[in-house]
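The following exercises concern the chain shown below. Each task is followed by a solution worked in steps.

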Amino acid sequence: MCGICSYISYKSDTPSAVLNNMVSALDYRGPDDQGSYVNNDGEAEIGMGQARLAVIDLSINGHQPMHFEHLTIVFNGEIYNYQEIRKELQHLGNKFSTNTDTEVILQAHAVWGENAVRHFIGMFSYILFDSNQYTLTVYRDRAGIKPLYYYQTEDLLLFASELKSFHQHPHFKKEIDKGALTLFFKLGYIPAPHSIFKNVHKLEAGHFLTYKINSRKSV
């Protein structure tokens, strides 16, 4: 179990301490390592962070966010068939510098694009930033074992494994969604894609969402 988080801010006014605090709010999910990355080369500021529980490749080589060419990832979970995918990519000429399933995800996306996720068997959620396409995409496993929430307003998007990470961002508005509260009273839980807060959604199992940063549109 790891904790991942990210933000896209069009005001570019997020202090570095905010991202660190977003990661630290998830540190019980990943006590072995923490990392963060900020990109501010375009119209928006993109921050990504991870609290790591080391399971595969226990060395520092598994540190995240992890980069490969134009791609950056924060990943929570495990890809059970990563060794088979790694061998397939090696046959295509790819070379690896770690023994992690995280690097396999990155290189798979570099080769197959969004279709890479069709190759993965496992439990996972991950956030992928593509600096060439200037997109940020979030993915969740088919069974929905690994959680991922997102929050969207006009100038800010937040993504995280748990809602508590959002509370660390000063522009997150904690407004109760009365419709979701009604669902809770009816069902005893709040079903995806709803959440207890307004403008916050849980990414549904087996889904991915790509956000085009320049146009501020999701597809």
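**Exercise 1. Determine which residues Tyr126 is in contact with, leaving aside its neighbours within four places in sequence, and place Tyr126 in the nonpolar interior.**

Solution. The model is a predicted one. Step 1: list the contacts. With neighbours within four places in sequence left aside, Tyr126 touches Ile4, Ile73, Val74, Phe75, Ile105, His109, Val117, Phe120, Thr137, Val138, Tyr139 and Leu148.

Step 2: turn to the core. The largest nonpolar core holds 22 residues, and Tyr126 is among those with the most contacts inside it, together with Ile73, Ile79 and Phe120. Elements that each supply at least two residues of this core are strands S4 (66–68), S5 (71–79) and S6 (122–130), and helices H2 (82–91) and H3 (101–112).

Step 3: consider the other core. A second core, separate from the one above, has 20 residues, including Ile8, Val74, Leu136 and Tyr150. Val74 also appears in the contact list of Tyr126.

**Exercise 2. Establish the order of the strands in the six-stranded open sheet, and identify its edges.**

Solution. Step 1: the order is S4-S5-S6-S7-S11-S12, with antiparallel pairing.

Step 2: S4 and S12 (217–218) each have a single partner strand, so one side of each lacks a neighbour in the sheet; these two strands are the edges.

Step 3: examine one end. S11 (residues 208–212) and S12 run antiparallel and are joined by two bridges. Lys212 has Lys217 in S12 as its bridge partner.

**Exercise 3. Describe the strand pairings of S8, and find the residues that stand opposite Tyr150.**

Solution. Step 1: S8 pairs with S9 (residues 156–160) in the antiparallel sense over four bridges, and a hairpin of three residues links S8 to S9.

Step 2: S8 is also joined to S10 (residues 200–202), again antiparallel, by three bridges.

Step 3: for Tyr150, the bridge partner in S9 is Phe159, while His201 stands opposite Tyr150 in S10.

Step 4: compare with another hairpin. S2 (residues 33–39) and S3 (residues 45–52) are antiparallel and share seven bridges, with five residues between them. Within this pair, Tyr37 stands opposite Met48.

**Exercise 4. Is Ser6 buried or exposed, and which backbone atom does its side chain reach?**

Solution. Step 1: Ser6 lies in strand S1 (residues 3–9).

Step 2: the cut-off for a buried residue is under 20% relative accessible area. Ser6 has 0% relative accessibility and therefore counts as buried.

Step 3: the side chain of Ser6 reaches the backbone oxygen of Gly47 at 2.7 Å.

Step 4: apart from neighbours within four places in sequence, the contacts of Ser6 are Met22, Gly47, Met48, Ile127, Leu136, Leu157, Leu158 and Phe159.

**Exercise 5. Is Ala143 buried or exposed, and how far is its C-alpha atom from that of Phe124?**

Solution. Step 1: Ala143 belongs to the loop between S7 (135–140) and S8 (149–152).

Step 2: its relative accessible area is 60%, so Ala143 is exposed.

Step 3: the C-alpha atoms of Ala143 and Phe124 are 9.3 Å apart, with 19 residues of separation along the chain.

**Exercise 6. Locate the backbone features at Pro65, Pro193, Tyr134, Asn199 and Gly188.**

Solution. Step 1: begin with the cis peptide bonds. The bond from Gln64 to Pro65 is cis, with omega near 5°, and Pro65 sits in the loop between S3 and S4. Ala192 and Pro193 are likewise joined by a cis bond, with omega about 10°; Pro193 is in the loop between H5 and S10.

Step 2: turn to positive phi in residues other than glycine. Tyr134 has phi near 55° and occupies the loop between S6 and S7; at 11% relative accessibility, Tyr134 is buried. Asn199 has phi of about 65° and lies in the loop between H5 and S10; its relative accessible area of 39% makes Asn199 partly exposed.

Step 3: inspect the two ends of H5 (residues 178–187). At the start of H5, a side-chain oxygen of Asp177 comes within 2.9 Å of the backbone nitrogen of Gly179. Just after H5, Gly188 adopts a positive phi of about 90°.

Notes: Residues numbered from 1 in each chain as written. Predicted model: local features only at pLDDT ≥ 70, side-chain atom pairs only at ≥ 80, totals over all residues. Heavy atoms only, no water. Polar contact = N/O pair within 3.5 Å; in protein donor to acceptor, adjacent residues only side chain to side chain. Core = buried A, V, L, I, M, F, W, Y, C linked by side-chain atoms within 4.5 Å. Buried < 20%, exposed > 50% of the residue type's maximum accessible area, 1.4 Å probe, protein only. Contact = heavy atoms within 4.5 Å. Pairing = 2+ DSSP bridges.
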